[in-house]
Amino acid sequence: MSDDKYVKVLFRVYSDILEEITVETMWTKVIDEVQGLYELNNIPFYLPIIASGDIIFAEFDEDEKMLTYRETREYSGNSTIHVILMDDTAGLKNIGKTFEELGCNWEGMGNKYFAIDVPVSVNYVLVKARLEELKQQDIIGYAESCLSEEHQY
């Protein structure tokens, strides 16, 4: 059995995509509770500035009544892509599976929206080509919400 400890952290940041303050809570793995260091264990659904595996600094916020994100201390190199399904006949799971085949993870919300986690080890050129192909076919719309330096093109 694992001794890893996981806690939820609240993120409250401005999203350029949504053009508003966005709030999301996500699971993190405790790295150093005393120093307030946590590793993001989720794929962000809305947040534009963070990716799974990033090491963040969070502290208890009296107003929020929970651990709250303050800043990112170390970037994982992973990227987060937010996708909306434009063609209802395509099927969220079918589209998600095409990105799994490229080495990505994804999580869906409802029938039309999902977030893709692109690990640092994945060739983003292939992922980008697939995103563009689906966009050109009017199947999806997407935003490169948190594109790591390793995935710049």
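This note sets out numbered points on the structure shown above, which is a predicted model.

1. The largest nonpolar core. This core holds 20 residues, and those touching the most other members are Ile95, Phe99, Ile116, Leu131 and Ile140. Two or more of its residues come from each of β6 (79–85), α1 (92–100), β8 (113–118), α2 (124–136) and β9 (140–146). Helix α2 provides the largest share, namely four residues.

2. A second core. Separate from the largest core there is another, made up of 14 residues, and Phe11, Met26, Leu40 and Tyr69 are among them.

3. The surroundings of Ile95. Which residues does Ile95 contact, leaving aside its neighbours within four places in sequence? They are Leu85, Ala90, Phe114, Leu134, Ile139 and Ile140. Ile140 is also listed with Ile95 among the members of the largest core that touch the most others.

4. Helix α2: length. The 13 residues of α2 should span 18 Å at 1.5 Å a residue, and the C-alpha atoms at its ends are indeed 18 Å apart, so the expected and computed values agree.

5. Helix α2: its two sides. The buried residues of this helix are Tyr124, Val127, Lys128, Leu131 and Leu134. Viewed down the axis of α2, the buried residues fall within an arc of 130 degrees, and therefore they line one face of the helix. The elements covering them include β6, α1, β8 and β9. On the face turned away from the buried side, α2 carries the exposed residues Val125 and Gln136.

6. A salt bridge within α2. Lys128 and Glu132 form a salt bridge, with 3.8 Å between the closest N and O atoms. Both residues belong to α2 and are four residues apart, which is about one turn of the helix. Is Lys128 buried or exposed? Lys128 is buried, because its relative accessible area is 16% and the limit for a buried residue is under 20%. Glu132, at 25% relative accessibility, counts as partly exposed.

7. The β7–β8 hairpin. Strand β7 (residues 105–109) pairs with β8 in the antiparallel sense, over five bridges. Within this pairing, Asn105 stands opposite Asp117 in β8. The two strands form a hairpin with three residues between them, and in the turn Gly110 has a positive phi of about 70 degrees.

8. A salt bridge between two loops. Side chains of opposite charge can pair when their charged atoms come close. Asp88 and Lys112 form a salt bridge in which the closest N and O atoms are 2.6 Å apart. This pair links distant parts of the chain, since Asp88 lies in the loop between β6 and α1, whereas Lys112 lies in the loop between β7 and β8, 24 residues apart. Asp88 counts as exposed, with 56% relative accessibility. Lys112 counts as partly exposed, with 35%.

9. Salt bridges over the whole structure. How many salt bridges does a search of the whole structure find? The search finds ten. In one of them, the side chains of Arg70 and Asp61 meet at 2.9 Å, N to O. Arg70 is partly exposed, its relative accessible area being 36%, while Asp61 is buried, with a value of 15%. Through salt bridges that share partners, Glu59, Asp61 and Arg70 are joined into one network.

10. Ser52, a buried loop residue. Ser52 is located in the loop between β3 (37–40) and β4 (55–61). Its relative accessible area is 11%, and therefore Ser52 is buried. Not counting residues up to four places away in sequence, Ser52 touches Leu40, Asn42, Pro44, Ser76, Asn78 and Asp117. Of these contacts, Leu40 is included in the second core, and Asp117 is the residue standing opposite Asn105.

11. Thr28, a buried strand residue. Strand β2 (residues 20–32) contains Thr28. Thr28 counts as buried, because its relative accessibility is 0%. Its contacts, leaving aside neighbours within four places in sequence, are Lys5, Tyr6, Val7, Val9, Tyr38, Glu39, Leu40, Asn41 and Ile56. Leu40 thus appears in the contacts of Thr28 and also in those of Ser52.

Conventions. Residues numbered from 1 in each chain as written. Predicted model: local features only at pLDDT ≥ 70, side-chain atom pairs only at ≥ 80, totals over all residues. Heavy atoms only, no water. Core = buried A, V, L, I, M, F, W, Y, C linked by side-chain atoms within 4.5 Å. Buried < 20%, exposed > 50% of the residue type's maximum accessible area, 1.4 Å probe, protein only. Contact = heavy atoms within 4.5 Å. Pairing = 2+ DSSP bridges. Salt bridge = Lys/Arg side-chain N within 4 Å of Asp/Glu carboxyl O. Expected span 1.5 Å × (residues − 1). Arc of directions from axis to C-beta.
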